[in-house]
Amino acid sequence: MNRLLSRLAIISATVALAFASVAIAQQSTGPTLPPEELAKQQQQRTVQQPYNNAPTWDKARGAVAGYTSIPGVETGVLIQDGGQTWRALKNGTVSVWGGWAFVAMMLIVGAFYGWKGTIQLKEAPTGRMIERFTLTERMAHWTTAITFSILAISGLILAFGKNILIPVFGFTVFSWLATLAKTLHNFVGPLFVVSIVITFFVFLRDNMPRAIDFKWLVTFGGLFSGKHIPSERFNAGEKIWFWGGLMVLGIVVGVSGLVLNFPNFGQTRSTMQLANLVHLGGSLIFMVGALGHIYMGTLGMAGAFSAMKTGQVDEAWAKEHHEVWYDDIKAGRIPAVRTKSLTAAQPVGGDD
Amino acid sequence: MARMKFICDAERCIECNGCVTACKNEHDVPWGVNRRRVVTLNDGIVGAERSISVACMHCSDAPCKAVCPVNCFYTTDDGVVLHDKDLCIGCGYCFYACPFGAPQFPQAGAFGLRGKMDKCTFCAGGPEKDTSKAETEKYGRNRLAEGKLPACAEMCSTKALLAGDGDVLSDIYRERVMRRGRGGDLWGHATAYGVKASAAPAPVQPAPTQQKS
């Protein structure tokens, strides 16, 4: 398990670095020589070619701070040219690709619904219920889900409202909307970070990858063949969403978001530019994934939404979607009801 | 129509911070915000020290304007980049984008919560009615509407900092360069075209031929 965690940490670090390298690649337009060397050159030039300040201007363009009596972060920096790269990537590459990826995913989900509709159970429900999610699990899930939705909607307003909503609402009304979006985003953000950490530990045990997941993955859970592929309590798709979405994207978007949210730790502009690009790109990928997850949990699969709402699933549903888990419950390896108070209040028949 | 610009002559700036003080006084700038600042490069290194007064440069293709999520920036007919504080949401994007560090935010709450952005207005106020009370309270004095130029440049004791129509400023600066008899800050001129001996203030070594600029 430790080896697995360390591998996943390496993967997530690689993803973050890939984002970072894109942003930094074009940022190295600073001075070609060390500042002391440039100062020496300027001394020479003042004697040899008076009024030629080229070495000084070379220095002004890098993020080399001069002296200033004005207090604050980077007040001694004359020109910080990373902003130009940030502007190009933020308004261009990241927003354009990320934005269209989001639109494309909505179309894919729509097309998928047109193709499959809501996938119904093949067998009639038995009426015997199994507890799939405890109250703690559901609360962790819904706190994450609600905070995520607020952040996604407010984030989309801030990122794309300029192009889409200003022509509709006009400047003043959109400014109120954006103020609301920014305030919600900034205050709900830290809550989301806390809730993904809790959700991670709540669902960690049943999301460990197993050999059986590989089989599910190569056949997309039997989506195209129509064959039944057994899975554990969580199938490979759900596990990918857990590790890739909740963990990797959670860390990428969460950490970059906290950097942006608390500017009172003396972050420089280059840090903020990088954090913003990582946050924008990462959150758009997160939203693309979430569209798929939300679709499967609501419209796509009958019984999935009520499972997370009530915590209960029918035995037929469990057998059809998570057979290994169902067999374990039947064999008594996993208790059918894990909530203790619930057992006492209303005994649910699991073995009749 | 005039195209308003700033020029700061590094040969003249003596780092007195008169421009900074003039600006703060003229506009009652919010606490913690400095619309203008003087930066000294190679501070204390004889023969290499140069000072520059920097504020919003009112860019032609302003990065702040390009990244603002609520489109609160606008460029006046004079080429001055102004913003509407009623629309500003305090997101900080303009500050990330600006190469000169011009946009600044008064702190509005704990954890560095940003208030409405404040920056140099070229003494041209904001979108409200010229010289109205609302405009003065939000953006400071509108000197351009009064037929005056920015206070910082007016105050500059050595006339290092010039503000006004770009064509007029170019003429003044060109004349200075001609009087100096050298390329001045037109980078690489002295190296490319040689140095006029008569204008040299001190004995000049022949420029080494291998030196690049």
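Hello everyone, this is a short walk through a predicted model with two chains, A and B.

Let's begin with chain A. Its secondary structure comes to 14 helices and two strands. Of its 352 residues, 34% are buried. If we take the contacts in chain A between residues at least 6 apart in sequence, 72% of them join residues at least 24 apart.

How far can we trust the model here? The average pLDDT of chain A is 87, and 87% of the residues score at least 70. There is one stretch to flag: over residues 22–28 of chain A, the pLDDT is below 50. Beyond near neighbours in sequence, that stretch has eight contacts in the model. Where pLDDT is low, the predicted coordinates should not be read in detail.

Now for the domains. Chain A is divided into domain 1, which covers 2–28 and 81–345, and domain 2, which covers 30–79. Five residues of domain 1 of chain A are in contact with five residues of domain 2 of chain A. What classes of residue make up the side of domain 1 of chain A that touches domain 2 of chain A? That side has three polar and two charged residues, and no nonpolar ones.

Let me turn to chain B, which has 213 residues, 43% of them counted as buried. Its secondary structure comes to seven helices and six strands. If you follow chain B from the N terminus, the elements run β-α-β-β-α-β-β-α-α-α-β-α-α. For contacts in chain B with a separation of 6 or more, residues 24 or more positions apart account for 50%.

So where do the two chains meet? Here 52 residues of chain A are in contact with 51 residues of chain B. On the side of chain A that touches chain B, several helices each supply at least two residues, and α4 (82–116), α5 (135–164) and α7 (171–203) are among them. By class, the residues on that side divide into 21 nonpolar, 23 polar and eight charged.

That brings me to the cores. The largest nonpolar core has 91 residues. Among the residues with the most contacts inside this core are Cys64(B), Cys68(B), Ala97(B) and Leu161(B). Domain 1 and domain 2 of chain A both give residues to this core, so the core lies between them. Ala97(B) is a nice one to click on, with contacts in both chains: leaving aside residues up to four places away in sequence, Ala97(B) touches Gly83(A), Trp86(A) and Arg87(A), along with Pro63(B), Cys64(B), Ala66(B) and Val67(B). A second, separate core has 11 residues, including Met129(A), Trp317(A) and Ile329(A).

Ile329(A) also appears in my next stop, helix α13 of chain A, residues 323–330. Which residues of this helix are buried? They are Trp325(A), Tyr326(A) and Ile329(A). Seen down the axis of α13(A), these buried residues fall within an arc of 100°, so they line one face of the helix. In general, an α-helix has 3.6 residues a turn, so residues three or four places apart point the same way. The buried residues of α13(A) pack against β1 (129–131) and α12 (315–321) of chain A. After the helix comes Gly332(A), with a positive phi near 85°.

To finish, here are three residues of chain B, each found in a loop. Arg35(B) is in the loop between α1 (18–27) and β2 (37–41) of chain B. Is Arg35(B) buried or exposed? It is buried, because 23 other C-beta atoms lie within 10 Å, and 20 or more is the cut-off. Leaving out residues up to four places away in sequence, Arg35(B) touches Cys23(B), Val29(B), Ala55(B), Asp118(B), Lys119(B) and Cys120(B).

Next is His58(B), in the loop between β3 (50–54) and α2 (63–67) of chain B. His58(B) has a positive phi of about 55°, although it is not a glycine. With 24 other C-beta atoms within 10 Å, His58(B) is buried.

Last comes Lys159(B), in the loop between α5 (151–155) and β6 (161–165) of chain B. Lys159(B) has a positive phi too, near 55°, and is a residue other than glycine. It counts as partly exposed, with 13 C-beta neighbours inside 10 Å.

Thanks for listening!

Definitions and conventions:
Residues are numbered from 1 along each chain as its sequence is written. Chains are lettered from A and ligands numbered from 1 in the order in which they are written. This is a predicted model: local features need pLDDT of at least 70, side-chain atom pairs count only at pLDDT 80 or more; totals for chains, interfaces and linings use all residues. A nonpolar core is a set of buried Ala, Val, Leu, Ile, Met, Phe, Trp, Tyr and Cys residues joined through C-beta atoms within 7 Å. A residue is buried if 20 or more other C-beta atoms lie within 10 Å of its own, exposed if 12 or fewer, and partly exposed in between; C-beta atoms are placed from the backbone. Domain bounds come from an automatic or database domain assignment. Two residues are in contact if their C-beta atoms, placed from the backbone, lie within 7 Å. pLDDT is the predictor's confidence in each residue, from 0 to 100. Helices (H or I, at least four residues) and strands (E, at least two) are DSSP runs, numbered from the N terminus. The arc is that of the directions from the helix axis to the C-beta atoms. Ala, Val, Leu, Ile, Met, Phe, Trp, Tyr, Cys and Pro count as nonpolar, Asp, Glu, Lys and Arg as charged, and the others, Gly among them, as polar.
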